[in-house]
Amino acid sequence: MKKKKKIPTFKTDAEAEAFVDTANLTEYNLSGGKPVRFEFEKKDGRVNMRLPETLLDAVRKSAKKRGIPYQRFIREALEHAVRK
């Protein structure tokens with residue numbers, strides 16, 4: 001079995017788009033990909049809350065593990081809670 005190519009690094013979105021438009025992606029190792037969630041909805045509401053420091057530390061730690069800002073982590077938790 002032929003070893004798959006590594007995805008190159010791109011300096012601009014245009015470079016990445018050109019690559020996707022022209023490359024045969026079956027030749028590349030895509031196993032390192034992670035799902036990404038884009039946020040397009042305007043954020044015009046605001047909330048201010050007080051939390052125990054231990055809870056805020058746990059939120060920040062969990063957000064860091066996922067590689068996202070802790071405010072987005074909280075927003076996603078709230079969205080998940082109201083979807084149920």
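**Exercise 1. How do the residues of the lining of the largest pocket divide into nonpolar, polar and charged?**

*Solution.* The structure is a predicted model.

Step 1. Begin with the space itself: the largest pocket holds about 720 Å³.

Step 2. Identify what surrounds this space. The lining consists of 22 residues, and those nearest the centre of the pocket are Val 47, Gln 71, Ile 74, Arg 75 and Leu 78.

Step 3. Assign the lining to elements. Both H2 and H3 contribute at least two residues, and H3 gives the largest share, with 6 residues.

Step 4. Sort the lining by class. The division is 9 nonpolar, 3 polar and 10 charged residues.

**Exercise 2. Describe the overall architecture of the protein, and determine whether the chain is spread out or compact.**

*Solution.*

Step 1. Count the elements: the protein contains 3 helices and 0 strands. In sequence order this gives the pattern α-α-α.

Step 2. Compare the radius of gyration with the globule rule. The value for the protein is 19 Å, whereas the rule gives 12 Å for 84 residues; the former is well over the latter, so the protein is more spread out than a compact globule.

Step 3. Add the dimensions of the C-alpha trace, which spans about 55 × 30 × 30 Å along its principal axes.

Step 4. Consider burial and contacts. Of the 84 residues, 10% count as buried. Among contacts with a separation of 6 or more, 22% are between residues 24 or more positions apart.

**Exercise 3. Find the salt bridges of the structure and state which parts of the chain each one links.**

*Solution.*

Step 1. Recall the principle: side chains of opposite charge can pair when their charged atoms come close.

Step 2. Search the whole structure; the search yields 2 salt bridges.

Step 3. Examine one pair. Lys 5 and Glu 27 meet through their side chains at 3.1 Å, N to O. This pair joins distant parts of the chain, 22 residues apart: Lys 5 belongs to the segment before helix H1 (13–22), and Glu 27 to the loop between H1 and helix H2 (53–66).

Step 4. Check the exposure of both partners. A residue is partly exposed when its relative accessible area falls between the limits of 20% and 50%. Lys 5, at 38% relative accessibility, is therefore partly exposed, and Glu 27, at 36%, is partly exposed as well.

Step 5. Examine the pair Glu 76 and Arg 66, whose side chains form a salt bridge at 2.6 Å, N to O. Here too distant parts of the chain are linked: Glu 76 is in helix H3 (residues 70–83) and Arg 66 in helix H2, 10 residues apart.

Step 6. Compare the accessibility of these partners with the same limits. Glu 76 has a relative accessible area of 14% and is buried, while Arg 66 has 47% and counts as partly exposed.

**Exercise 4. Which residues line the second largest pocket? Relate this lining to the surroundings of Glu 76.**

*Solution.*

Step 1. State the volume: about 260 Å³ of space lies in the second largest pocket.

Step 2. List the lining: Lys 34, Pro 35, Val 36, Arg 37, Lys 65, Arg 66, Gly 67, Ile 68, Arg 72 and Glu 76. Two or more of these residues come from each of H2 and H3.

Step 3. Classify the lining, which has 3 nonpolar, 1 polar and 6 charged residues.

Step 4. Turn to Glu 76. Setting aside neighbours within four places in sequence, Glu 76 is in contact with Arg 37, Arg 66 and Ile 68. These three contact partners also appear in the lining of the second largest pocket.

**Exercise 5. Is Leu 56 buried or exposed? Contrast Leu 56 with Lys 11.**

*Solution.*

Step 1. Locate the residues: Leu 56 is in helix H2, and Lys 11 is in the segment before H1.

Step 2. Apply the limits of under 20% for buried and over 50% for exposed. With a relative accessible area of 17%, Leu 56 is buried; with 78%, Lys 11 is exposed.

Step 3. Identify the partners of Leu 56. Apart from residues up to four places away in sequence, Leu 56 touches Leu 51 and Tyr 70.

Step 4. Consider the spacing of C-alpha atoms. Leu 56 and Ile 74, 18 residues apart in sequence, are 9.9 Å apart in space. Lys 11 and Lys 34, 23 residues apart along the chain, are separated by 19 Å.

Technical notes:
Residues are numbered from 1 along each chain as its sequence is written. This is a predicted model: local features need pLDDT of at least 70, side-chain atom pairs count only at pLDDT 80 or more; totals for chains, interfaces and linings use all residues. Side-chain values use heavy atoms; hydrogens and water are left out. A salt bridge is a side-chain nitrogen of Lys or Arg within 4 Å of a carboxyl oxygen of Asp or Glu. Helices (H or I, at least four residues) and strands (E, at least two) are DSSP runs, numbered from the N terminus. Buried means under 20% relative accessible area, exposed over 50%, partly exposed in between (1.4 Å probe, protein chains only). On a 1 Å grid over the protein atoms alone, a cavity is a set of points where a 1.4 Å probe fits but cannot get out, and a pocket is an open set with protein on both sides within 12 Å along at least five of seven lines; lining residues have an atom within 4 Å of a point. Grid points are joined across faces, edges and corners, and a volume is the space filled by probe spheres set on the points. Ala, Val, Leu, Ile, Met, Phe, Trp, Tyr, Cys and Pro count as nonpolar, Asp, Glu, Lys and Arg as charged, and the others, Gly among them, as polar. The radius of gyration is taken over C-alpha atoms; the globule rule is 2.2 Å times the number of residues to the power 0.38. Contact means heavy atoms within 4.5 Å.
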